[in-house]
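Here are my notes from a pass through this one, in no strict order. Have a look at the model first, then read on.

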Amino acid sequence: MSGTVGCLLIHGFAGDINDILPLAKVLREAGYQVECPTLEGHGTTRRQMARSTRNDWLRSAEEGYKRLSMRAETIVIIGFSMGGLLAFHLTTRYPVELLITINTPYKYWDVKEALHYLREDFPTHSRRYIRSIGRIPVSSMLQFRRLLAETKPLLRQVKTPYYLLQAKRDDTVHAVSAQLLATSVDQSASPQITWYEHSNHMLLHGPDKEAAIHDVLATLKERFPDSPALV
């Protein structure tokens, strides 16, 4: 296990591992140890989602961290959207060598961008938003908001090297969130933001997908040049 780098990938709110699957596949192929936990209540039914809480989601992420730490000496956490909020909590509790967040909220639901996408392709995008509203319980939304509120005070404790990926056309998270997060963590984390011009919230499935994955791999190679991963 000596020198092994492991990547914990945490999916987003009301999502599942498909949120981060394109990146997970490439990381595995590159030789990294990869762990992609499914958060409690996610990827199942609306009723089960409603029964889960933010503490359950954090526990799922922690269990993923512990499984990965049995296979890897160096841990990198990559959080997509709400997964980034959970990543901040883990980073303040456990040894983490690098933190990467992808379209993680400080401010959420960019109405201007959402309406832009509806105008571009109303039949496709209207179904998407209606389906999202229908499948997310109100109680779960409240849990998400409480998680966000509880995460913000933790940010000043984050000193782990921090790399942010943010889509400029994000229709779920205000793109300014990246700047707010970068200025809220301890500046010893040397936060770096990379912007993507053409993608919406699902960055790892959009037109900037290849660029985003390349940037993550390049960051890992730069940080851990002696890793046995085949980068």
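1. A term to settle before the packing: a nonpolar core here is a set of buried Ala, Val, Leu, Ile, Met, Phe, Trp, Tyr and Cys residues joined through side-chain atoms within 4.5 Å. Keep in mind, too, that this is a predicted model.

2. On that basis, the largest nonpolar core has 35 residues, and the ones touching the most other members are Ile 10, Ile 77, Met 82, Leu 86 and Phe 88. Two or more residues each come from strand 1, helix 3 (54-69), strand 3, helix 4 (82-93), helix 7 (138-151), strand 5 and helix 8 (177-184). Helix 4 is the top contributor, giving six residues.

3. Ile 10 deserves a click. Setting aside neighbours within four places in sequence, its contacts include Ile 77, Ile 78, Gly 79 and Phe 80. Also on the list are Gly 83, Leu 86, Ala 87 and Leu 90, along with Ile 20, Leu 39 and Ala 61.

4. There's a second, separate core too, with 29 residues. Among its members are Val 5, Ile 20, Ile 102 and Ala 167.

5. Now helix 9, which covers residues 209-223, 15 in total. From first C-alpha to last it reaches 21 Å, close to the 21 Å expected at 1.5 Å a residue. Its buried residues are Ala 212, Ile 213, Asp 215, Val 216, Leu 217, Thr 219 and Leu 220. When you look at that pattern, remember that an α-helix has 3.6 residues a turn, so residues three or four places apart point the same way.

6. What sits over the buried residues of helix 9? The cover includes strand 1 (5-10), strand 3 (74-80), strand 4 (98-102), strand 5 (162-167) and strand 6 (192-196), plus helix 1 (21-29).

7. On the cysteines: a search of the whole structure turns up zero disulfides. Cys 7 is in none, and its nearest cysteine sulfur, on Cys 36, is 9.3 Å away; a disulfide would need the two sulfurs within 2.5 Å. Cys 7 is buried, with a relative accessible area of 0%. Cys 36 also counts as buried, at 17%, under the 20% cut-off.

8. Last, the rings. How many aromatic pairs does a search of the whole structure find? Four. Ring pairs join Phe 13, Trp 57 and Phe 144 into a cluster. For anyone who likes cation-over-ring geometry, Lys 152 lies over the face of Tyr 106, 4.3 Å from the ring centre.

Notes
Residues are numbered from 1 along each chain as its sequence is written. This is a predicted model: local features need pLDDT of at least 70, side-chain atom pairs count only at pLDDT 80 or more; totals for chains, interfaces and linings use all residues. Side-chain values use heavy atoms; hydrogens and water are left out. Rings of Phe, Tyr and Trp (its six-membered ring) pair if their centres lie within 6.5 Å; planes under 30 degrees apart count as stacked, over 60 as edge-to-face and the rest as tilted. A charge sits over a ring if NZ of Lys or CZ of Arg is within 6 Å of the ring centre and within 35 degrees of the ring normal. Helices (H or I, at least four residues) and strands (E, at least two) are DSSP runs, numbered from the N terminus. The expected span of a helix is 1.5 Å times one less than its number of residues. Buried means under 20% relative accessible area, exposed over 50%, partly exposed in between (1.4 Å probe, protein chains only). Contact means heavy atoms within 4.5 Å.
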